[in-house]
Amino acid sequence: MSEDISKLHDKLKSETGIHTNFREEMTYGDYLQLDSILSSQRRLSGHHDEMLFIIIHQVSELWMKLILHELTSAIQAIQEDKMQAAFKMLARVTKIQTQIIQAWDVLSTLTPAEYLEFRDKLGKASGFQSFQYRQIEFALGYKTKHILKIYEQDTVLYEQLEKVYNAPSIYDVSIQALAKAGFQLNSAVLNRDYSVTYGGDESVANAWKEVYRDVDKYWNLYQLAEKLVDVEDWLQQWRFRHMKTVERIIGFKTGTGGSSGVNYLRKVLDHRFFPELWDLRTSL
């Protein structure tokens with residue numbers, strides 16, 4: 001063992017090009033602003049496990065920031081008929097979603113007794129108030145106006161959310177892509193109020209069926225549809241793991257933000273973002 005360590009040290013010594021003088025150069029920590037990031041875990045209790053709770057949620061918010069970055073760009077790419085770029089972005093979104101899902105596995109190591117030691121320190125703060133998660137829902141087409149009231153005290157944030165709330169979702173621009181490809185769609189769908197959650201349309205359903213019946217002819221639209229299904233599939237798995245983790249830790253207690261907790265999380269599992277893409281699996 002000591003010989004292996006000695007050989008490793010010798011190899012490291014041979015790396016003569018490694019930079020060590022950073023008096024006037026930017027370091028890895030500088031570039032990532034690690035001083036700011038690593039000093040942001042401020043426990044409000046003295047309990048050991050509050051650190052786990054804070055870091056899991058902070059990391060999830062960072063992943064959500066990247067999801068929004070990719071989703072926003074994917075929407076623009078679809079509008080500009082840059083489908084291959086959109087496919088790459090949506091594929092990345094699904095990989096990010098797997099990371100967030102696995103975060104629940106780590107949080108589930110927190111027991112009910114441990115969480116009770118610091119839960120009161122949260123006050124009325126709750127993941128229910130995550131504005132980035134709401135932006136993701138809006139970008140995917142699930143628009144809930146009453147949720148916006150939570151953010152009224154922050155004018156800048158409210159305006160940011162309201163903009164996404166009124167903008168076309170990724171499914172709206174995908175439906176527009178169907179129209180550009182020559183499919184005859186109801187004008188009410190193409191000119192609808194984007195602030196209203198989409199509920200489905202027969203002309204859209206027929207168009208997607210045709211895409212799936214002639215994959216070679218509509219290859220890009222077919223790929224787009226499957227990428228959207230991937231995103232929704234993983235989001236629903238994220239929602240399910242969220243629900244089960246909450247149930248495991250607090251049971252059916254009311255959430256700190258005032259929601260019904262597990263019961264609320266169960267209700268949202270029933271919502272479908274892209275209804276025609278799921279229905280056609282039965283009707284084809």
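Where is Gln33 found in the chain? In this predicted model, Gln33 falls in the loop between α2 (28-32) and α3 (34-38). Its backbone stands out: phi is positive, at about 55°, although Gln33 is not a glycine. With a relative accessible area of 55%, Gln33 is over the 50% mark and therefore counts as exposed. A similar story comes from Asp81, in the loop between α4 and α5. Here phi is near 60°, again a positive value in a residue other than glycine. Asp81 has a relative accessible area of 51%, so it is classed as exposed too.

Stepping back to the whole chain, the fold is made of helices: there are 14 of them and zero strands. Read along the sequence, the pattern is simply α repeated, from α-α at the start through to α-α at the end. The C-alpha atoms fill a box of roughly 70 × 50 × 40 Å along the principal axes. Of the 284 residues in the chain, 42% are buried. Among contacts with a separation of 6 or more, 71% are made by residues 24 or more positions apart. The accessible surface comes to about 16,700 Å², and carbon and sulfur atoms account for 53% of that. As for charge, the chain carries 34 positive and 38 negative side chains, with the centres of the two sets 3 Å apart.

Aromatic rings are a good way into the interior. A search of the whole structure turns up 14 aromatic pairs. One of them joins Phe53 and Tyr115, which are stacked, with 5.4 Å from centre to centre and 25° between the planes. This pair links distant parts of the chain, since Phe53 sits in helix α4 (residues 50-79) and Tyr115 in helix α6 (residues 112-116), 62 residues apart. Both Phe53 and Tyr115 are buried. Phe53 also pairs with Phe118, this time edge-to-face, at 5.6 Å centre to centre and with 65° between the planes. Because Phe53 lies in helix α4 and Phe118 in the loop between α6 and α7 (131-140), the pair ties together parts that are 65 residues apart in sequence. The relative accessibility of Phe53 is 16%, which is under the 20% cut-off and so makes it buried. Phe118 is buried as well, with a relative accessible area of 0%.

Elsewhere, ring pairs gather Tyr142, Tyr171, Tyr198, Phe273 and Phe274 into a cluster. Charged side chains meet rings too. Arg134 lies over the face of Phe128, 4.7 Å from the ring centre. In another case, the charged end of Arg281 sits over the ring of Trp278, at 5.8 Å from its centre.

Several loop residues show how parts of the sequence come together. Ser108 belongs to the loop between α5 (83-107) and α6. Its relative accessibility is 9%, so Ser108 counts as buried. Setting aside neighbours within four places in sequence, Ser108 is in contact with Arg241, Thr245 and Arg248. In that part of the sequence there is also Val246, whose C-alpha atom is 8.3 Å from that of Ser108, with the two positions 138 residues apart along the chain. Gly182, for its part, is placed in the loop between α9 (170-180) and α10 (187-190). Its relative accessible area is 49%, so Gly182 is partly exposed, falling just on the other side of the 50% limit that defines exposed residues. From Gly182 to Ala207 the C-alpha distance is 9.5 Å, for a separation of 25 residues in sequence.

The end of the chain rounds off the picture. Leu284 lies in the segment after α14 (275-283). Leaving out neighbours within four places in sequence, Leu284 is in contact with Lys209, Tyr212 and Arg213. The C-alpha atoms of Leu284 and Ala74 are separated by 28 Å, and the two residues are 210 apart along the chain.

Definitions and conventions. Residues are numbered from 1 along each chain as its sequence is written. This is a predicted model: local features need pLDDT of at least 70, side-chain atom pairs count only at pLDDT 80 or more; totals for chains, interfaces and linings use all residues. Side-chain values use heavy atoms; hydrogens and water are left out. Helices (H or I, at least four residues) and strands (E, at least two) are DSSP runs, numbered from the N terminus. Buried means under 20% relative accessible area, exposed over 50%, partly exposed in between (1.4 Å probe, protein chains only). Contact means heavy atoms within 4.5 Å. Accessible areas come from the Shrake-Rupley method with a 1.4 Å probe; for residues, only the protein chains shown count as cover. Lys and Arg count as positive and Asp and Glu as negative; His and the chain ends are not counted. The place of a charge is taken as NZ of Lys, CZ of Arg, CG of Asp or CD of Glu. Rings of Phe, Tyr and Trp (its six-membered ring) pair if their centres lie within 6.5 Å; planes under 30 degrees apart count as stacked, over 60 as edge-to-face and the rest as tilted. A charge sits over a ring if NZ of Lys or CZ of Arg is within 6 Å of the ring centre and within 35 degrees of the ring normal.
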